[in-house]
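Trainee: I have a new model to look at, and I'd like to learn how to read it. Could we go through it together?

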Amino acid sequence: MADSSDQQQKINTLLEEGNRSLSLNDYETSVEKLGEACQLLDSIHGELAPESGDAYFAYGRALLQHAIQQNTVLGDSKRQDEAAAASTASSEAKPKTTSNSKFHFEDDDQEEEDQEQDEQQQQGDEEDDEDDFQTAWEILDLSRVILEKNDDKETRLKLADVHLCLGDVSVETEKFDQALPDYRKALEIKKELLDQGDRQLAEAHYKLALALEFSTNEGDQAGEEIKNAIQVLKKRIESIQSDTTKDEEDDVKGKGKATSTPAAADDNKEVKEIKQLIVDMEEKAEELTSRQEKQKEAEALLKSFLGAGGQSAVTALNTATVNDLSSMIKRKSTNNPEGNSNKKQKQ
């Protein structure tokens, strides 16, 4: 009994330290602590036990953030290496004067060997990066399986957050079509359980919009989801203004009149932040609308030139347009990783 109590105390300590590290963006420490906590929970309660759901979710989030961090670091390092290589190549482009051409060939051989070693190291780093995202997906999916066993409001909201994180993994690995069902499931749960002006809804709508924008066949729906996010934020402002007015009326109750004004609510820090978000989202929506109109014009032009046989060219245009949008978001430097987990990733 004492051993079990000691183990539970150790689990609690690991979870506390792991979550603290996660909040401080110390993802490496967080992964280590939360991973150990999950192992101990499995040893006590067995795999996929309800007691492990929250721990696996925290562990999966830590793995995801660590993978993103590592991907960013590797991406910055790769750009620096490429810039240094370009600078070196430029300086070495000038003819070398030497009394013995043998030395020149030896230098070339050494340069080729160094370049090959660098490429092998880069390939190894990229494969590790893919594994990090795959591991995050698998752990989050385990959390999904566990949380689906309960139906209370708190657990279902956690399940929605798990689906959001699963969608984030898919977006980070450029599997935009795969992200859609997870984002939609998260949105479905949150719309059922949260107020219409809850900012969590706006976040879910916006993430879905980003995945739709780069999806294979549903890009035309992205603008509508951004508009939905804007409507949620406007309802949030209305809610804040209503609460502010009510509070001020309570303060002056019995004095004969209320002094509340809409301007008082507008001074609220959150309202200012939301208004700026709305401006940014409206610009994004206009940009999407303009791009879609231009794409439709291009498709119509192709059809007029190619007639009934132009469908394949239109399809090629759609694919090219999606690829061209890639510069608008951070993209991985490697091909999409494909892997297996307890839940088969949707293709």
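Trainee: Is Phe214 buried or exposed?

Mentor: Buried means under 20% relative accessible area, exposed over 50%, and partly exposed in between, using a 1.4 Å probe and protein chains only. Phe214 comes out at 4%, so it counts as buried. One caution: this is a predicted model, where local features need pLDDT of at least 70, side-chain atom pairs count only at pLDDT 80 or more, and totals for chains, interfaces and linings use all residues. Residues are numbered from 1 along each chain as its sequence is written, and side-chain values use heavy atoms, with hydrogens and water left out.

Trainee: How many aromatic pairs are there in the whole structure?

Mentor: Rings of Phe, Tyr and Trp (its six-membered ring) pair if their centres lie within 6.5 Å; planes under 30 degrees apart are stacked, over 60 edge-to-face, and the rest tilted. Here the search turns up one pair. Phe176 and Phe214 have ring centres 5.3 Å apart and planes at 35°, so this pair is tilted.

Trainee: Which parts does the pair tie together?

Mentor: Helices are DSSP runs of H or I with at least four residues, strands are runs of E with at least two, and both are numbered from the N terminus. Phe176 lies in helix H6 (residues 176–193), while Phe214 is in the loop between H7 (199–213) and H8 (222–251), so the pair joins parts 38 residues apart in sequence. Phe176 is buried too, at 7% relative accessible area.

Trainee: What span should helix H2 have?

Mentor: Take 1.5 Å times one less than the number of residues. For the 19 residues of H2 (residues 27–45) that gives 27 Å, and the end C-alpha atoms are 26 Å apart, which agrees. Buried residues in H2 include Tyr27, Leu34 and Leu41. Just after H2, Gly46 has a positive phi of about 90°.

Trainee: Where does pLDDT stay under 50?

Mentor: pLDDT is the predictor's confidence in each residue, from 0 to 100. The protein averages 80, and 65% of the residues score at least 70. Among its elements, H6 has the highest mean, 98, and H11 (residues 311–324) the lowest, 51. One stretch under 50 is residues 95–105, with four contacts (heavy atoms within 4.5 Å) beyond four places in sequence. Residues 320–347 are also below 50, yet this stretch has 64 contacts beyond near neighbours in sequence. Where pLDDT is low, the predicted coordinates should not be read in detail.
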